[in-house]
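I opened my notebook on this one to look up a pocket, a residue and a chain contact. Here is what I wrote down as I went.

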Amino acid sequence: MHVFDIIGPVMIGPSSSHTAGAVRLGNVAHAMLKEPPVRGVITLCGSFAKTGRGHGTDRALTAGIMGMRPDDTRIRDSLRLAQEQGFAVSFCREERDGVHPNTAILQVEGASGHTVTVEGASIGGGSICVTKLNGMPVEISGESTTVLVLHEDVPGVIAAVTNFLAACGLNIAAFRMSHHEKGELALMSIELDGDAPDSLCQSVENFANVRSCTLLHALAR
Amino acid sequence: MTTVKGLVEQAEKEGVALSDVVLQRENESTGTRKEELLEHMYRNLSVMRDSCREGENPNLRSESGLSGGDSAKMMERARSGENLCGPFFGKALARALAVSECNACMGRIVAAPTAGSCGILPAAVLTTMEEKNLPEETAVKALFTAAGIGMAIAEGASISGAQGGCQAEVGSASAMAAAAITEMMGGTPDMCAHACAMALKNVLGLVCDPVAGLVEVPCIKRNAMGVANALAAAEMALCGIESRIPADEVILAMRRVGDSMPGSLRETAEGGLAATPTGRRLAEEILGGKKAEKTQETP
């Protein structure tokens with residue numbers, strides 16, 4: 001526990017879970033998309049669906065997808081700003097069993113037609129847990145920089161990637177593998193100690209059997 | 001684990017203020033230079049000041065329509081000098097309302113320790129600084145004292161309403177503020193600990209019962225109560241009144257009280273004021289109304 005965990009964070013109100021955490025969930029989609037969003041379908045579950053409007057959860061998620069940080073004073077006007085920037089957002093509310101009460105599913109399409117789907121929950125105090133990325137089960141807090149590698153589920157890929165990270169002087173803090181619901185694809189999520197350069201992704205993408213690599217920098221508080 | 005007793009003992013042994021101990025420990029645990037830590041806290045104090053200003057706008061309204069504009073009324077009366085308890089008390093109440101209203105209206109605030117209780121510490125510290133003509137540095141240092149108390153509470157009990165009820169949010173903020181202003185007024189570390197203990201004792205058992213689950217009713221006015229309680233506790237401590245129960249034991253009591261609170265009184269909006277006929281009607285109007293159900297779309 002540190003001083004600025006108590007006197008902080010600086011954030012846009014009214015709620016650390018329903019507003020600040022929602023911005024950070026949106027930030028994950030922003031980081032994954034890597035281009036301006038043009039269309040978004042946001043599904044709100046549980047308490048997000050029930051009290052989200054009063055807490056500005058809709059505006060917070062939208063702002064997060066647009067890349068605003070949790071202390072950005074434009075969050076209040078994000079729906080208008082989205083409209084001005086050609087980002088069409090729609091919201092739906094859904095009852096779901098077995099998910100955290102503050103869950104949102106963000107389906108976002110970028111200018112090139114590339115889409116990402118981020119499912120996650122705001123678990124209190126502005127902390128988040130991303131539970132699914134493009135349909136694959138993950139567990140990402142965004143507290144540390146995370147490397148996501150989508151690859152064919154064949155021997156040797158993990159060794160190649162982790163050896164490469166070691167050669168770059170990067171230390172792995174946590175490692176998780178998940179498999180796609182269908183197909184032979186797997187996803188490595190690797191949390192790092194410290195940050196990593198964006199150029200890392202191009203190198204990893206050149207490896208055999210790697211489909212894509214995304215670097216998710218530690219999220220702003 | 002951080003304890004109030006541990007902080008006080010270290011301060012007394014080294015002959016320094018509580019804020020010096022907290023600053024020193026933070027420097028040791030993070031490796032961040034003291035100047036940088038102070039600079040960071042200056043920035044937080046400056047955000048607090050901005051939140052006060054924004055919240056004092058008489059036209060400010062929250063999305064639900066439940067809040068906004070009350071701090072402006074209080075500040076006008078406090079500045080006129082005609083209020084019951086004089087300008088110091090009136091301004092402190094007005095600022096607690098202002099920062100909380102700023103939060104409810106999606107303005108920028110410093111969680112202290114939470115967003116729901118963000119009005120108490122700025123109101124206490126900024127008003128003491130202004131009314132007693134103290135340098136800004138005193139206020140910045142006092143925020144470290146507040147942080148030390150907050151850490152002791154968070155580690156020994158909780159600062160989350162969902163876990164410990166409103167006593168854990170408004171109660172913690174009030175105890176932090178009481179210790180901070182006791183130090184600003186020249187109180188000893190021991191006096192700060194007593195101020196903390198007395199402020200926390202006064203709100204033991206306070207439940208978290210937000211109408212419609214929103215951080216508005218009764219949270220905003222409880223921030224005004226929180227600063228009033230902090231001022232009372234600091235005044236008592238500064239004239240030598242002591243808490244018969246030491247601060248760390250009060251924190252333990254708060255934890256036990258929080259643990260025995262039913263779920264309906266821990267931020268679920270199912271009990272207390274949220275479950276009154278008016279509370280339920282407001283919730284229905286805000287959440288169940290056409291406005292809330294409608295799917296919103298930007299073309």
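Before sorting any lining, I fixed my classes: Ala, Val, Leu, Ile, Met, Phe, Trp, Tyr, Cys and Pro count as nonpolar, Asp, Glu, Lys and Arg as charged, and the others, Gly among them, as polar. I also noted that this is a predicted model.

**Entry 1: the pocket.** I looked up the second largest pocket and found a volume of about 320 Å³. It has 16 lining residues, and those closest to the centre are A:Asn27, A:His30, A:Ala31, A:Leu216 and A:His217. With my classes, the lining splits into eight nonpolar, five polar and three charged residues.

Which elements of chain A each supply at least two residues of this lining? I found helix H2 (16-33), helix H7 (199-205) and strand S11 (210-216). H2(A) gives the most, with three residues. By domain, I saw that domain 1 (10-134) and domain 2 (146-216) of chain A each contribute at least three residues to the lining.

**Entry 2: one serine.** Next I went to B:Ser19, which sits in helix H2 (residues 18-30) of chain B. Is B:Ser19 buried or exposed? Its relative accessible area is 1%, so I put it down as buried, the cut-off being under 20%. Beyond its neighbours within four places in sequence, B:Ser19 is in contact with B:Lys141, B:Phe144, B:Thr145 and B:Glu183.

**Entry 3: the two chains.** I then checked the contact between chain A and chain B, where about 3500 Å² is buried and carbon and sulfur atoms give 61% of that area. On chain A, the trio A:Phe4, A:Ile7 and A:Arg53 supplies 20% of the area this chain buries against chain B, more than any other three residues. The contact takes 36 residues from chain A and 50 residues from chain B.

Terms used: Residues are numbered from 1 along each chain as its sequence is written. Chains are lettered from A and ligands numbered from 1 in the order in which they are written. This is a predicted model: local features need pLDDT of at least 70, side-chain atom pairs count only at pLDDT 80 or more; totals for chains, interfaces and linings use all residues. Side-chain values use heavy atoms; hydrogens and water are left out. On a 1 Å grid over the protein atoms alone, a cavity is a set of points where a 1.4 Å probe fits but cannot get out, and a pocket is an open set with protein on both sides within 12 Å along at least five of seven lines; lining residues have an atom within 4 Å of a point. Grid points are joined across faces, edges and corners, and a volume is the space filled by probe spheres set on the points. Helices (H or I, at least four residues) and strands (E, at least two) are DSSP runs, numbered from the N terminus. Domain bounds come from an automatic or database domain assignment. Buried means under 20% relative accessible area, exposed over 50%, partly exposed in between (1.4 Å probe, protein chains only). Contact means heavy atoms within 4.5 Å. Buried area is the accessible area (1.4 Å probe) that two parts lose on being put together, summed over both.
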